[in-house]
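User: Could you take a close look at one helix in this model for me? I'd love to know how it is built, which way its sides face and what it packs against.

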Amino acid sequence: MSVDVEEITRDPRGEPATSRLNYSAYRLGRAFNRFAENSALSHGVTLSQLFVLQVLGEGMPLSNAQLARRTFVSAQAAHTVSNELIETGLVERGDHPTNRRVRLVRLTERGWEVLDACHAELRIHEDRLTAALGEEFGETLAELLDHTAQVLAGGYFGDDEAEAAAISRRTNDIRPRHIPSRLAAARLRADRAAHPDVDS
């Protein structure tokens with residue numbers, strides 16, 4: 001059954017969703033990730049695995065907890081993806097230099113090769129975007145987006161006070177996609193214990 005658009009009236013309070021940065025940023029992220037995923041799959045890895053490779057591609061071995069935080073997933077999800085990459089020979093586990101209880105993951109030589117291949121294709125895609133936007137952005141587009149993400153990130157990158165404050169403002173029990181860090185969760189519990197009469 002077709003709907004006659006002329007019979008539908010728009011609420012005068014309406015505004016385009018694209019006028020809000022969070023919506024447009026999500027749309028941009030989906031566009032980037034669609035290309036990145038196609039590139040990753042052509043080299044035998046998933047998008048989630050590519051994110052892990054990219055973070056490890058900074059050259060620093062990471063613990064599972066660090067990897068989870070840097071790839072925006074739970075510790076369990078990060079552990080699962082790491083195991084998948086270990087099975088395919090792209091990542092390996094090693095010992096922490098000072099803490100025997102912590103195991104670190106790092107790229108193997110094969111992992112570096114796959115990451116380099118994916119990055120070469122991503123650079124072509126990014127250069128095409130930069131050219132379409134104009135030369136005034138030059139090589140600063142990635143820096144601009146990264147800076148914007150840092151400004152708006154709040155507790156997602158270690159600001160536990162901001163994270164705990166954001167959680168305390170929630171008005172329902174729906175579990176968000178982001179899982180609070182242990183430190184932020186502990187501070188939130190302490191705050192609730194100190195103010196039991198405050199409706200959380």
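Analyst: Happy to, and the helix to start with is α4. In this predicted model, the 13 residues of α4 should span 18 Å at 1.5 Å a residue, and its end C-alpha atoms are indeed 18 Å apart, so expectation and model agree. Its residues run from 75 to 87.

Which residues of α4 are buried? They are Ala78, Val81, Ser82 and Leu85. Seen down the helix axis, these buried residues fall within an arc of 105°, so they line one face of α4. The spacing behind such a pattern is a familiar one: an α-helix has 3.6 residues a turn, so residues three or four places apart point the same way. On the other side of α4, Gln76 and Glu87 are exposed. As for partners, the buried residues of α4 pack against α2, α3 and β1, the last of these covering residues 91-95.

Ser82 is a good place to zoom in. This serine sits in helix α4 and has a relative accessibility of 2%; buried means under 20%, so Ser82 counts as buried. Setting aside residues up to four places away in sequence, Ser82 touches Asn64, Leu67 and Arg93. Asn64 and Leu67 lie within α3, which spans 64-70, while Arg93 lies within β1, residues 91-95.

Now for the packing with α2, which covers residues 47-56. Helices α2 and α4 pack at an angle of about 85°, and their axes are 10 Å apart. An angle of that size makes α2 roughly perpendicular to α4. On the α2 side the contact is made by Ser48, Gln49, Val52 and Leu53, and on the α4 side by Val81, Glu84 and Leu85. Sorted by class, that contact has four nonpolar, two polar and one charged residues. Val81 and Leu85 take part in this contact and are also among the buried residues of α4.

From the α2 side, Gln49 deserves a closer look. This glutamine is found in helix α2 and is buried, with a relative accessible area of 9%. Leaving aside neighbours within four places in sequence, Gln49 is in contact with Gly44, Val81, Glu84 and Leu85. Val81, Glu84 and Leu85 are the residues that α4 brings to its contact with α2. Gly44, for its part, is the glycine that follows α1, and its phi is positive, near 85°.

The two ends of α4 are worth a visit as well. Ahead of α4, the loop between α3 and α4 holds Phe72. Its phi is near 65°, a positive value in a residue other than glycine. Is Phe72 buried or exposed? Phe72 is exposed, with a relative accessible area of 55%. After α4 comes Gly89, whose phi is positive too, near 80°.

For a companion to α4, consider α1, made of residues 21-42. This helix has 22 residues and reaches 31 Å from its first C-alpha to its last, close to the 32 Å expected at 1.5 Å a residue. The buried residues of α1 are Ala36, Ser39 and Ala40. Viewed down the axis of α1, they fall within an arc of 95°, so they line one face of that helix. The face turned away from this buried side carries the exposed residues Arg27, Arg34, Asn38 and Ser42.

Helix α1 also holds Phe35, which is partly exposed, with a relative accessible area of 27%. Apart from neighbours within four places in sequence, Phe35 is in contact with Glu121, Leu122 and His125. Phe35 and His125 are 90 residues apart in sequence and 8.1 Å apart in space, C-alpha to C-alpha.

Finally, here is the setting around α4. The chain has eight helices and two strands, and from the N terminus on its elements run α-α-α-α-β-β-α-α-α-α. Of the 200 residues in the chain, 23% are buried. Among contacts between residues at least 6 apart in sequence, 44% join residues at least 24 apart. Back at α4 itself, the picture is of a helix with one face lined by buried residues, exposed Gln76 and Glu87 on the other side, and α2 packed roughly perpendicular to α4.

Notes:
Residues are numbered from 1 along each chain as its sequence is written. This is a predicted model: local features need pLDDT of at least 70, side-chain atom pairs count only at pLDDT 80 or more; totals for chains, interfaces and linings use all residues. Side-chain values use heavy atoms; hydrogens and water are left out. Helices (H or I, at least four residues) and strands (E, at least two) are DSSP runs, numbered from the N terminus. The expected span of a helix is 1.5 Å times one less than its number of residues. Buried means under 20% relative accessible area, exposed over 50%, partly exposed in between (1.4 Å probe, protein chains only). The arc is that of the directions from the helix axis to the C-beta atoms. Axes are lines fitted to C-alpha atoms, for helices over the stretch in contact, and angles run from 0 to 180 degrees between N-to-C directions. Angles under 35 degrees count as roughly parallel, over 145 as roughly antiparallel, 65 to 115 as roughly perpendicular and the rest as oblique. Contact means heavy atoms within 4.5 Å. Ala, Val, Leu, Ile, Met, Phe, Trp, Tyr, Cys and Pro count as nonpolar, Asp, Glu, Lys and Arg as charged, and the others, Gly among them, as polar.
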